[in-house]
Amino acid sequence: MTVNFGDAVGRAWKYSTDAKRLAVMTLFLLVAVGIVFGTMILVYKSITLSALNIFSLVQAFAWVFVSAVVAGLIFLYAVLLFTHNYANPKSLSASARFAKSMYLRFLAANIIVVLITLVVSLIPIAGIVLAFVVALFFFFFQQEIAISRSKAIESISNSYNLFK
């Protein structure tokens, strides 16, 4: 099977420069970044206004961590929404409904892949290279869920098979 890379890049460019999609993606990014930076500003103000003790520092870092996790969850939803919308160029609202229905499956698959990559990266010296290879193994799992509606483990397995 031959792939026409010119057509693929042209279609991707046309999709990614659509004003409506750019506006929605920008909104997702602004909300995610706003949550993190807003929390960091509040934490900074609370640390500078209070006596510096270990409890306030731990609490501050916990708030920053929680806001980063929430921002990551929002971004994952946007990735699922736009991956589905690229393959099924209907309306963004139809893709949003699909993303809402498949989000937990998508999140579970992402957590599994991150954990596997993290464990592999802990291997001394060769861990970084192996983590890169494992990331390549699982390169297509998100598309598997967004397009084929695969289950989490099935999408990871299919991604590995595509890589082979």
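A salt bridge is a side-chain nitrogen of Lys or Arg within 4 Å of a carboxyl oxygen of Asp or Glu. Keep that in mind, since a search of the whole structure turns up one of them. You're looking at a predicted model, and we'll get to that salt bridge after a look at the whole chain.

**Stop 1: the whole chain**

Start with the cartoon view. The protein chain has seven helices and zero strands. Walk along from the N terminus and the elements read α-α-α-α-α-α-α. The radius of gyration is 19 Å, well over the 15 Å that the globule rule gives for 164 residues, so the chain is more spread out than a compact globule. Along the principal axes, the C-alpha atoms fill a box of roughly 65 × 45 × 30 Å.

Now switch on the surface. The protein chain exposes about 11000 Å², and carbon and sulfur atoms supply 76% of it. Of the 164 residues, 29% count as buried. Take the contacts with a separation of 6 or more: residues 24 or more positions apart account for 60% of them.

**Stop 2: the salt bridge**

Which residue forms a salt bridge with Arg 21? Select Asp 18: the closest N and O atoms of the pair are 3.5 Å apart. That counts as a salt bridge because the cut-off is 4 Å. Side chains of opposite charge can pair when their charged atoms come close. Check how covered each partner is, too. Arg 21 is buried, with a relative accessible area of 16%, while Asp 18 is partly exposed at 29%.

**Stop 3: a nonpolar patch**

Next, select Trp 63, Phe 65, Val 66, Val 69, Val 70 and Leu 73 and show them on the surface. Together they form a nonpolar patch with about 550 Å² of accessible area. Click on Val 70, which sits in helix H3. Val 70 has a relative accessible area of 35%, so it counts as partly exposed.

**Stop 4: Phe 106 in helix H4**

Move to Phe 106, in helix H4. Is Phe 106 buried or exposed? Its relative accessibility is 0%, so Phe 106 counts as buried. Show its surroundings: leaving out residues up to four places away in sequence, Phe 106 touches Leu 76, Val 79, Leu 80, Gln 142 and Ile 145. Try a distance as well. Phe 106 and Glu 144 are 38 residues apart in sequence, and their C-alpha atoms are 9.7 Å apart in space.

**Stop 5: the loop into H5, then H5 itself**

Go on to Ile 125, in the loop between H4 and H5. Most residues other than glycine have a negative phi. Ile 125 has a positive one, near 65 degrees. Ile 125 counts as exposed, at 86% relative accessibility.

Then select helix H5, residues 127-137. Its buried residues are Gly 127, Ala 131 and Val 134. They cover an arc of only 60 degrees around the axis, which puts them on the same side of H5. Turn the view to see what they meet: the buried residues of H5 pack against H4. Now rotate to the face turned away from the buried side. There you'll find the exposed residues Ile 128, Val 129 and Phe 132.

**Stop 6: helix H6 and what follows**

Helix H6 covers residues 141-148. Which of its residues are buried? Phe 141, Glu 144, Ile 145 and Ala 146 are. What covers them includes helix H3 (54-87), helix H4 (92-121) and helix H7 (152-163). Two of these names came up earlier: Ile 145 is among the contacts of Phe 106, and Glu 144 was the other end of that C-alpha distance.

H6 is followed by Arg 149, in the loop between H6 and H7. Here's another positive phi in a residue other than glycine, near 60 degrees. At 51% relative accessibility, Arg 149 counts as exposed, because the cut-off for that is over 50%.

**Stop 7: Ser 159 in helix H7**

Finish with Ser 159, in helix H7. With 0% relative accessibility, Ser 159 counts as buried. Which residues is Ser 159 in contact with, leaving aside its neighbours within four places in sequence? Select Phe 137, Phe 138, Phe 139, Phe 140 and Phe 141 to see them. You've met Phe 141 already, as one of the buried residues of H6.

Key. Residues are numbered from 1 along each chain as its sequence is written. This is a predicted model: local features need pLDDT of at least 70, side-chain atom pairs count only at pLDDT 80 or more; totals for chains, interfaces and linings use all residues. Side-chain values use heavy atoms; hydrogens and water are left out. Buried means under 20% relative accessible area, exposed over 50%, partly exposed in between (1.4 Å probe, protein chains only). Helices (H or I, at least four residues) and strands (E, at least two) are DSSP runs, numbered from the N terminus. Contact means heavy atoms within 4.5 Å. The arc is that of the directions from the helix axis to the C-beta atoms. Patches are made of residues with over 30% relative accessible area and no salt bridge: like charges are joined within 9 Å, nonpolar side chains (Val, Leu, Ile, Met, Phe, Trp, Tyr) within 5 Å. Accessible areas come from the Shrake-Rupley method with a 1.4 Å probe; for residues, only the protein chains shown count as cover. The radius of gyration is taken over C-alpha atoms; the globule rule is 2.2 Å times the number of residues to the power 0.38.
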